[in-house]
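I opened the notebook to look up a few things in this model. Here is the entry, with the structure first.

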Amino acid sequence: IREKLAKPLQVGSGQKLESENIIDETSDIEDLLKEDDDYKEESNYSIETSGALKWKEDLSRKAAEAFLRQQQATPNLRKLIYGTVTQDNEDEDTREELGGLFRVSQPDRGCKHKADSLDCSKFLVEAPHDWDLEEVMNSIKDCFVTGKWEEDKDAAKILADDEE
Amino acid sequence: MATQTHSLSYAGCNFLRQRLVLSTLSGRPVKIRKIRARDDNPGLRDFEASFIRLLDKITNGSRIEINQTGTTLYYQPGLLYGGSLEHDCSVLRGIGYYLEGLLCLAPFMKHPLKIVLRGVTNDQVDPSVDVLKATALPLLKQFGIDGESFELKIVRRGMPPGGGGEVIFSCPVKKALKPIQLTDPGKIKRIRGMAYSVRVSPQMANRIVDSARGILNKFIPDIYIYTDHMKGVNSGKSPGFGLSLVAETTNGTFLGAELASNPQGQGAAVLPEDLGKNCARLLLEEIYRGGCVDSTNQSLALLLMTLGQQDVSKVLLGPLSPYTIEFLRHLKSFFQIMFKIETKPCGEELKGGDKVLMTCVGIGFSNLSKTLK
């Protein structure tokens, strides 16, 4: 049984390594998930023979799912924050030479501008919604106590359940 | 602190406060170069110099070196000392600019901080004292920073350009912070606000209240907006009016929004009705962004999570502001802390936009200089 379990797991981790090299990751993970399904069917009979190893049933599938979830959820924001920040180019590189002696200074470069801009913690609204529209107003309706409550927190629902 | 650690180096004047604050907390010196180096008027401005002076006041043994043109600043932090202090803030920025720095540092002083700040209490750039009082203080309480002396009081109101406001901020010291688990903001149960007017007709505040209520009443009935008209010496040196709104949820989350009139002699006159309506809309935008901490206080919450005990802290935020994103990068370089960031799409629920769940393990920062009694 050990051998059987170990083998598909190895295949799984091999796939994972490969997927890191290939750009189209999501389709690769889908393949990986499909493979795991196959593996599950094949190992079904071994589980029937020993109930003790039931918790190992679909470990690699669970791992693959967790991996997939993580991949879908975060990559952009994390990369945006902790990814390598492009160093602002030293001024010397960007200046044009004039007559081989003077250099034209170009103060308004994008990154320079950011480094010296206003130090303020307020988060300004760039594209305000039109709060007169019914549709827009409805988009935050459930943020208020007057809106719809979750099943487990809805007082009316809980009361009704209690009476039953 | 005579630490031999390498100093961190940055360029430009943006994010100056967070760099200096994190340097003070971590004990790592910073060097900031090219401060407005290409500007017609290069170097540090008055308001930044005032912030550095404030840091010098609350610490003991800080070393500050500024070059002749003011374009390079070297800061080697000392120990946070605290005590009873006074500080005249520059009128170019609001008191909120200074207060935001102090809110990060005050819990870690040797002696409890009690400071009188003079300057502009409400302006169009920085979070006003009213909003910080209503949103940042409850946030600090979530981390266990609380006590009788925990207070932010507005004694006088001052509007730009003249200023003349005065606030008293006092904060108890804490040895360690509690980790937080703020993953459910709850539902908004009431909206409170403060419409203020100084050196203009007191009727302005009432006009603001009426127009703001007109918009917010469609969402929730429990709205109360106080009017505050300060007179005489308590009204500062310049006329102006404004509104700050705070939405409070069932789980103790406070979301704030505010607007102030144009400073005297700058820009067109603003109608109080328009100001009230626009401020109410800003609050709706803030509710749309959502989360357990509003957009202004994101970085404060993340800092206190980082400094907490060695335990997992979680907080649900709205979209991260550019200021917060830079702050996260700084947290990484000063404290080697990286957050786990999970985006939570809004889905079918009618609860505004996408949210972000931030998770980290605190570094177990403890205030060793706090005196034992």
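My notes on the two chains follow.

**Ground rules.** I am working with a predicted model, where local features need pLDDT of at least 70, side-chain atom pairs count only at pLDDT 80 or more, and totals for chains, interfaces and linings use all residues; side-chain values use heavy atoms, with hydrogens and water left out. Residues are numbered from 1 along each chain as its sequence is written, and chains are lettered from A and ligands numbered from 1 in the order in which they are written.

**Chain A.** I looked up the secondary structure and got eight helices and two strands. I take helices (H or I, at least four residues) and strands (E, at least two) as DSSP runs, numbered from the N terminus. The order in chain A is α-α-α-α-α-β-β-α-α-α from the N terminus on. Of the 164 residues in chain A, 24% are buried. Buried means under 20% relative accessible area, exposed over 50%, and partly exposed in between (1.4 Å probe, protein chains only). I also checked contacts (heavy atoms within 4.5 Å). Among those in chain A between residues at least 6 apart in sequence, 41% join residues at least 24 apart. The exposed area of chain A is about 12300 Å², with 52% of it from carbon and sulfur atoms. Areas are from the Shrake-Rupley method with a 1.4 Å probe; for residues, only the protein chains shown count as cover.

**Cores.** I then asked which residues touch the most other members of the largest nonpolar core. They are L20(B), L25(B), F169(B), V315(B), F339(B) and M358(B), in a core of 85 residues. Helix α3 (residues 95-105) of chain B gives the largest share, eight residues. Domain 1 (8-177) and domain 3 (293-361) of chain B each supply at least three residues; the bounds come from an automatic or database domain assignment. A core here is a set of buried Ala, Val, Leu, Ile, Met, Phe, Trp, Tyr and Cys residues joined through side-chain atoms within 4.5 Å.

I followed F169(B) further. Leaving out residues up to four places away in sequence, its contacts include L99(B), L102(B), L103(B), I115(B) and F150(B). Apart from the largest core lies another, of 32 residues, with I191(B), A212(B), L275(B) and A280(B) among them.

**Around β10.** Strand β10 (residues 165-171) of chain B has six of its seven residues buried. Two strands pair if DSSP finds at least two bridges between them. β10(B) runs antiparallel to β8 (residues 111-119) of chain B, with seven bridges. There L117(B) stands opposite V167(B). β10(B) also pairs with β9 (residues 151-156) of chain B, antiparallel, over five bridges. In that pair R156(B) faces E166(B).

**A four-stranded sheet.** In chain B I traced an open, mixed sheet in the order β11-β16-β18-β17. β11 (181-182) and β17 (340-344) of chain B are at the edges with a single partner strand each, so one side of each lacks a neighbour in the sheet. β16 (residues 312-317) and β18 (residues 355-361) of chain B are antiparallel over six bridges. S313(B) is opposite C360(B) in β18(B).

**Two single residues.** Is S299(B) buried or exposed? At 8% relative accessibility S299(B) is buried. S299(B) sits in helix α7 (residues 298-307) of chain B. Beyond four places in sequence, S299(B) touches Y323(B), T324(B) and F327(B). L368(B), in the segment after β18 of chain B, is exposed at 73%. The C-alpha atoms of L368(B) and F108(B) are 8.5 Å apart, with their positions 260 residues apart along the chain.
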